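Hi everyone, thanks for making time this morning. I'd like to walk you through one part of a structure, so please have a look at the screen.

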Amino acid sequence: MTRDRILPAASLSRRAFLALAAAAGAAAASGGASASAGAPKRGGVLRLAASANPSSLDPATGGSGYDHSFLWTIYDTLTEWDYDTLQPKPGLAKWSYPDRLTMVLDLQPGVTFHDGTPLDAEAVKFNIDRSRLDQRSNVKADLTSIAETVVTGPLQVTLKLKNPDAALPAIFSDRCGMMISPAAVQKHGQASDRNPVGAGPWKFVSWADNQKVVVARNENYWRDDRGFLDSIEFSIIPEYATALRSVTAGQNDMAFALPARLKPVIERAKNLQVVTAPTLYCVQFYLNTKRKPLDDVRVRRALNHAVDRDAFVRATMGGLGEPATMTLPKSHWAWSETASKLYPHDVEKARALLAEAGYPDGIELTVGAYTDQDNVRRAEVLQEQLGKAGVRLKFTRGTVAEISANFFNQGYDMLLSAWTGRPDPSMTYALGFDKGAYYNASREASDELSDLIRKSRESEDTRERAAVFDRIQQITMGEALSVPLAFQYELDALSPKVRGYRPDLLGKPKFEFVWLGE
């Protein structure tokens, strides 16, 4: 018998969750996806169907939002986020602000990396400085507020800030807070991408490219309230229907981040659990605004007017999604009503803007995209929509890792992909739009935008921050720096024996509390 629950996972507020759940067309139910009586049991192998090969298993160098579910098994973070609110809480460290330009991190004692070396203040300093200064780091934009990292005790690190930054606790719950062994980095160098050594509940065993990633229990893990599984095996299955079949056939225990079209298939299957939940996962066109003709704002605005977001949700998500007018959903506290009204669907307006920009006969754009059935369907819908405005799309398809890397290294005009969300909205705009940021293919940004992104982190008052984000989004959308399309809802299929799984608003599964029943 199928168990189908819409879960209030990691919602920013009760109001926000209810709005998202209503948009999904379902009622919320309390409890976990696989909640059951009794204490969690240790042991067993969790077999997962994952849709994408990791881009890297080094948190600082990876370039794909799909990496997180692999990374969180191997790495503990300095801070964590609460599943129900996304608010940061202590992890490997507790934090304090003695003054507005100083942040102090006090570390959990007795923690060691998987190679036996200590996770102490020197190791944390190494990681923070590597994330903000190393040439290969893709997360520099998250840490621009840090002027200096100082070891002020065996288990204490003090951060000297250039400007106040209230977002750092949330930032350290993501890639920048994932601690990798300095000894391992010094040993492996760039090969750390494929030889990860963290301090998380599981340690790395093997990675067969585009086939399988395996992690095994860290017997010396410092917490006993999580990490119940002996091991986790990620089978890389890009085709979602095939991934689902592997669960129904008993070859895998869970397939996650499935498209909405498969929900009826899951419901018809015997003894599968269905998990659906709202997320910050935003399907969008990334734009390289340095390349012609996208260097002209009129062309970028034409693209935003040409897409029919409501029709896109109906055609590609079966209605289980929310049209995206910016990179945050409507229920988010930092959403901007003003920015949301900038681009009503208007094909004639799009054509007029192209003509004004000097392209009366339309334009052709190169687009990087992925090979799975759902991305192909999205591409077909968008080809038709944009074609009506005179925009011809020429697609190059491949794996998530290779296509994304090619785009962000100046390979195509656009990338049809997704922004997978971050715990704090300042991270979304710093990583996606700030000067030099990895996910900003042009690597350019106005001084005003960069200053506003920094300002968005200065206050802990949500109302003050929301006013700054309103201005940020009027710039990012007013300048049409991306083409947001729709927010996708999480959809997972689980075997009946999977217990303790909880979805989160980021739409990136964690398995720290999962255990296997009979």
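Let me start with a question: which residues of E14 lie on one side, and which on the other, and are they buried or exposed? Before I answer, please keep in mind that this is a predicted model.

So, to E14, the strand that spans residues 282-287. On one side you find Cys282, Gln284 and Tyr286, on the other Val283, Phe285 and Leu287, and all of them are buried. In other words, both faces of the strand are covered.

Now for its neighbors. E14 pairs with strand E18, residues 414-419, in the antiparallel sense, over six bridges. If you want a spot to find on screen, look for Val283, whose bridge partner in E18 is Ala418. E14 also pairs with strand E19, residues 482-488, through five bridges, and these two run antiparallel as well. Here Cys282 stands opposite Phe487.

Let's zoom out to the sheet. It is an open sheet of six strands, in the order E15-E19-E14-E18-E16-E17, with mixed pairing. The edges are E15 (321-323) and E17 (391-398), each of which pairs on one side only. From one strand to the next, the twist averages 30°. As a reminder, strands of a sheet pair through backbone hydrogen bonds, either parallel or antiparallel. For a parallel example here, take E16, residues 363-370, and E17, which share eight bridges; Gly368 stands opposite Thr396 there.

Next, the nonpolar core. In soluble globular proteins, nonpolar side chains tend to be buried together. The largest core in this model has 67 residues, and Phe285, from our strand, is among those with the most contacts inside it, along with Leu303, Leu393, Met414 and Leu416. Leu303 is a nice one to click on: setting aside residues up to four places away in sequence, it touches Leu287, Leu294, Leu365, Leu386, Val391, Met414 and Val483. Another core, of 35 residues, lies apart from that one, and includes Ile180, Ile232, Leu494 and Val514.

Last stop, helix H9, residues 309-317. What do its buried residues pack against? They pack against E14, E15 and E19, plus helices H8 (297-306) and H12 (373-387). The buried residues of H9 are Arg309, Ala311, Phe312, Val313, Thr316 and Met317. At its N-terminal end, Asp308 acts as a cap, with a side-chain oxygen 3.4 Å from the backbone nitrogen of Asp310. Just after the helix, Gly318 takes a positive phi of about 60°.

That's my tour, and I'm happy to take questions.

Definitions and conventions. Residues numbered from 1 in each chain as written. Predicted model: local features only at pLDDT ≥ 70, side-chain atom pairs only at ≥ 80, totals over all residues. Heavy atoms only, no water. Buried < 20%, exposed > 50% of the residue type's maximum accessible area, 1.4 Å probe, protein only. Helix = DSSP H or I, 4+ residues; strand = E, 2+ residues; numbered from the N terminus. Pairing = 2+ DSSP bridges. Axes fitted to C-alpha atoms, helices over the stretch in contact; angles between N-to-C directions. Core = buried A, V, L, I, M, F, W, Y, C linked by side-chain atoms within 4.5 Å. Contact = heavy atoms within 4.5 Å. Polar contact = N/O pair within 3.5 Å; in protein donor to acceptor, adjacent residues only side chain to side chain.
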